[in-house]
Amino acid sequence: MTRFPKLEPLGFDPTIPNQARIYDYLVGGKDNFAADREAARWALSVAPELPMMCREGRRFLERVVRHLAGRGVRQFVDVGCGLPTQGNVHEIAQAAAPGSRVVYVDNDPVVVTHARALLEDEEHTAVIEADMREPDQVLGHPRLKSLIDLGSPVAILLFFALDVIPEDELASHIVGRFRDAIAPGGYVAIGHTVSDLRPEATAGLADLYQSRSVVTGHAHREQQRTKADVEGLFDGLSLVPPGVVYIPAWGADAGQDTLDPRAIWSVGGVGRKDA
Ligand SMILES: C[S@@+](CC[C@H](N)C(=O)[O-])C[C@H]1O[C@@H](n2cnc3c(N)ncnc32)[C@H](O)[C@@H]1O
């Protein structure tokens with residue numbers, strides 16, 4: 001496959017808006033600076049629904065993790081984990097299944113420092129700084145290997161992480177390498193914003209991020225992937241019902257998925273690796 005250029009280390013500069021900290025601001029966190037808040041306000045002028053979408057994204061994550069814990073999964077790798085917020089993966093997993101092990105992965109040193117301070121415990125939870133564009137290095141990280149047994153089922157969580165990988169071939173490579181590395185009975189879960197429903201919002205945000213040089217260490221697509229593109233990322237996995245759907249509908253109890261999908265232009269799904 002094509003070789004993709006390596007990312008420059010992100011470093012830390014509070015005067016340049018940063019994707020993880022903008023997201024933190026949108027979910028009501030405090031780990032952000034004036035430049036992040038200003039960029040977030042610009043983003044909100046293009047898509048005022050962003051905070052609601054972020055909250056729905058976290059609710060989707062919670063339902064998926066509970067579902068997987070209920071299916072016996074005890075090991076989780078949260079790739080592109082973002083700054084700690086309410087309802088982190090290990091809290092959900094360990095409440096459902098005490099002893100579950102969770103490794104958080106992000107390439108942003110600020111995220112990693114905060115997450116280590118708040119989330120790490122020697123026995124069950126680790127935070128590693130690694131680039132998901134190199135899935136083999138993520139899985140080969142010594143700290144991950146000390147907690148996660150790849151011979152037993154693992155859930156790889158890619159919640160709103162592939163959104164920042166503009167190259168389709170690379171996104172498929174990332175999912176494919178994780179899929180190949182996990183044991184049968186493991187899962188890959190994806191949440192992804194899509195352009196189908198509000199193309200003007202996703203194009204507007206891409207322009208904005210380009211023009212305001214949000215530090216994400218990547219180029220933005222002109223448009224986000226479509227729902228069909230996201231379905232394609234589950235190649236080689238068996239989609240758990242209801243498949244790839246608008247996230248308020250995934251795992252929702254009857255009558256709960258009343259949100260208009262046009263306001264939550266994100267889809268998600270869970271794929272199982274069969275024997
Ligand atoms: C939109 S946030 C999603 C946070 C969280 N997964 C959630 O759903 O709430 C995307 C995260 O991906 C991280 N990220 C971006 N590029 C990455 C890369 N190449 N490798 C690892 N993490 C990356 C960012 O630092 C950011 O924290």
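Student: How do the residues of the shell around the ligand divide into nonpolar, polar and charged?

Tutor: You get 9 nonpolar, 4 polar and 4 charged. Ala, Val, Leu, Ile, Met, Phe, Trp, Tyr, Cys and Pro count as nonpolar, Asp, Glu, Lys and Arg as charged, and the others, Gly among them, as polar. A word on the source: this is a predicted model, where local features need pLDDT of at least 70 and side-chain atom pairs pLDDT 80 or more, while totals for chains, interfaces and linings use all residues. Numbering starts from 1 along each chain as its sequence is written, and side-chain values use heavy atoms, leaving out hydrogens and water.

Student: What makes a residue near the ligand?

Tutor: One of its heavy atoms has to lie within 4 Å. There are 17 residues around the ligand, and Tyr23, Arg58, Gly80, Asp106 and Asp131 are the closest.

Student: Why is the pair between Arg225 and Asp168 called a polar contact?

Tutor: Their side chains come to 2.9 Å. The term needs a pair of N or O atoms within 3.5 Å; within protein, one must be able to donate a hydrogen and the other to accept it, and residues adjacent in sequence count only if both atoms are side-chain atoms. So 2.9 Å fits the distance limit.

Student: And why is Arg225 called buried?

Tutor: Buried means under 20% relative accessible area, exposed over 50%, partly exposed in between (1.4 Å probe, protein chains only). Arg225 has 1% relative accessibility, so it counts as buried.
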